[in-house]
Amino acid sequence: MAHVRVESLRKEYDVGTVVAVDDLNLEIEDGEFVTVVGPSGCGKTTTLRMLAGLEEPTSGTISIGGEDVTDVHAKNRDVAMVFQNYALYPHKTVFENMAFGLRMSTDMSADERERRVTETAEMMDIEGLLEDKPDQLSGGQKQRVALGRAIVREPDVFLFDEPLSNLDAKLRTSMRAEIQRLQNELGITAVYVTHDQHEAMTMGDRIVILDGGELQQVGKPTRVYENPANEFVGGFIGSPSMNFLEVDVDDSGDGVNLTGLEAEFDFELSGSYVDRHAGSLEGGRYTLGIRPESVEFVDGARNSITGRVSVVEPVGSDNYLHLDLGGEFVARVSPAIEPQPGDDVTLTFDESAIHLFDPETGRDVF
Ligand code: ATP
């Protein structure tokens, strides 16, 4: 069993002046694939290196399979790490690179070693490369070897540190699918660090979002997308990013009234939003979050906003319209909707797509 538990994990650098990871609590089930995402410097790599035993926590504990490994040396932890730069031994052949970990960590017979390397190489479709040296391989082949080297050891936990970042977009897509196939076949327990939210969303059973060393949210990707815990997560997950508008909320009548503070609009919510949140919303100032894909165009109906188009960005499947609504606002619409820059358009959004965040704490108010 490879259940991973992280409790109150903290890492300080430079005598406490940098807090890279702050009070992180996390549980990863056996066989679960967890992705960790966040902006540069949020503490992703530091977290992974502490799990690997390459970095000593300032405080807190890490356990794997029920055993406290906080003070266990990296080479005695049953984890395998796959790096962005492959970290292959340049003078060894692919076979030797893959067999190396087996030779180091077990007293396995040479026959058994060969059998396992060959089997794994077949699984990774690199059996024809076993006698090659790393500099004879393409980036994608090197990363297959690095993956194969991790798999052949049959570790309790796989740790991936941005393994696909050096590959071009097409290869990244196919390697992503390959890792998911391996995950389905082998049921591996994995922590996968990436700065690419698309990769994190598509690969993770659950996604962990960090910012400033602190856990922002953990959950199933669709759930995090639909119910971001705070403004940061709302803005970080989803592409193009969620739009934010400052509003004043008035709950003194039967419904709830939202008035734009920078953009001019007046929304009277009455249906699903009020039903869901009846009694729990207090009047005052909030940040309204609305996703670009939740915007609909209307002909000046009730609950609408008018804005001027500044840029039309066609991406094939959709058009991204950049609008001036007090600040920048992006609407993701069908390619059939193609206004010109300078046109005024009127839009609305469904009540169920509205998020309200506390402007002080950023927290989703519900
Ligand atoms: P990136 O996506 O850019 O790799 P990251 O999310 O992996 O970023 P970390 O590398 O974990 O972030 O760094 C977290 C914070 O800790 C950053 O502020 C970084 O500058 C700092 N940091 C990391 N390693 C060290 C170190 N060895 N000494 C001092 N500060 C460090």
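# A tour from the loop at P240

Begin by selecting P240, which lies in the loop between helix 8 (231-236) and strand 11 (243-250). Since this is a predicted model, keep the view coloured by confidence if your viewer allows it. Show the backbone atoms here and look at the link to the preceding residue, where a cis peptide bond joins S239 and P240 with omega at about -10°. That geometry deserves a pause, given that most residues other than glycine have a negative phi, and most peptide bonds are trans.

**The whole chain**

Now zoom out until the entire protein chain is in view. Its C-alpha atoms fill a box of roughly 80 × 45 × 35 Å, taken along the principal axes, and its secondary structure comes to 9 helices and 20 strands. The chain has 366 residues, of which 37% are buried. Among contacts between residues at least 6 apart in sequence, 65% join residues at least 24 apart. As for confidence, the protein chain averages a pLDDT of 90, with 96% of the residues scoring at least 70, and the model as a whole scores ipTM 0.97 and pTM 0.91.

**The two domains**

Colour residues 4-236 and 243-357 separately, for these are domain 1 and domain 2 of the protein chain. The C-alpha centres of domain 1 and domain 2 lie 39 Å apart. Where the domains meet, the contact takes 4 residues from domain 1 and 5 residues from domain 2. On the side of domain 1 that touches domain 2, the residues divide by class into 1 nonpolar, 2 polar and 1 charged.

**The ligand and its shell**

Next, select the ligand and the residues around it. Which of the 13 residues around the ligand come nearest? They are Y13, A20, S40, T45 and T46. Taken by class, the shell around the ligand holds 4 nonpolar, 7 polar and 2 charged residues. Strand 2 (18-28) and helix 1 (44-52) each supply at least two residues of this shell, and helix 1 gives the most, with 3 residues.

Stay with helix 1 and display its side chains. Helix 1 is mostly covered, 7 of its 9 residues being buried; the buried residues of helix 1 are K44, T46, T47, L48, R49, M50 and L51. T46 therefore appears in two selections, as one of the residues that come nearest to the ligand and as one of the buried residues, with 20 or more other C-beta atoms within 10 Å of its own. Step past the end of the helix to G53, which follows helix 1 and has a positive phi, near 90°.

**Helix 4**

Move on to helix 4, residues 139-152, whose 14 residues reach 20 Å from the first C-alpha to the last, close to the 20 Å expected at 1.5 Å a residue. Is helix 4 mostly covered or mostly exposed? Helix 4 is mostly covered, with 12 of its 14 residues buried. The buried residues are Q141, K142, Q143, R144, V145, A146, L147, G148, R149, A150, I151 and V152. After helix 4 comes E154, whose phi is positive, near 50°.

**Two further positive phi values**

Two loops are worth visiting for their backbone angles. Select V15, placed in the loop between strand 1 (4-13) and strand 2, where phi is near 40°, a positive value in a residue other than glycine. V15 is exposed because 6 other C-beta atoms lie within 10 Å, and a residue counts as exposed at 12 or fewer.

Then select E162, in the loop between strand 7 (157-161) and helix 5 (169-186). E162 has a positive phi of about 45° although it is not a glycine. Why is E162 partly exposed? E162 has 19 other C-beta atoms within 10 Å, and because a residue is buried at 20 or more and exposed at 12 or fewer, that count falls in between.

**Last stop: T361**

Finish at T361, found in the segment after strand 20 (355-357). T361 is exposed, because 10 other C-beta atoms lie within 10 Å. Add N230 to the selection and draw a distance between the two C-alpha atoms: T361 and N230 are 131 residues apart along the chain, and their C-alpha atoms are separated by 8.3 Å.

Terms used:
Residues numbered from 1 in each chain as written. Near = placed C-beta within 6 Å. Helix = DSSP H or I, 4+ residues; strand = E, 2+ residues; numbered from the N terminus. Nonpolar A, V, L, I, M, F, W, Y, C, P; charged D, E, K, R; others polar. Expected span 1.5 Å × (residues − 1). Contact = placed C-beta atoms within 7 Å. pLDDT = per-residue confidence, 0-100. Domains from an automatic or database assignment.
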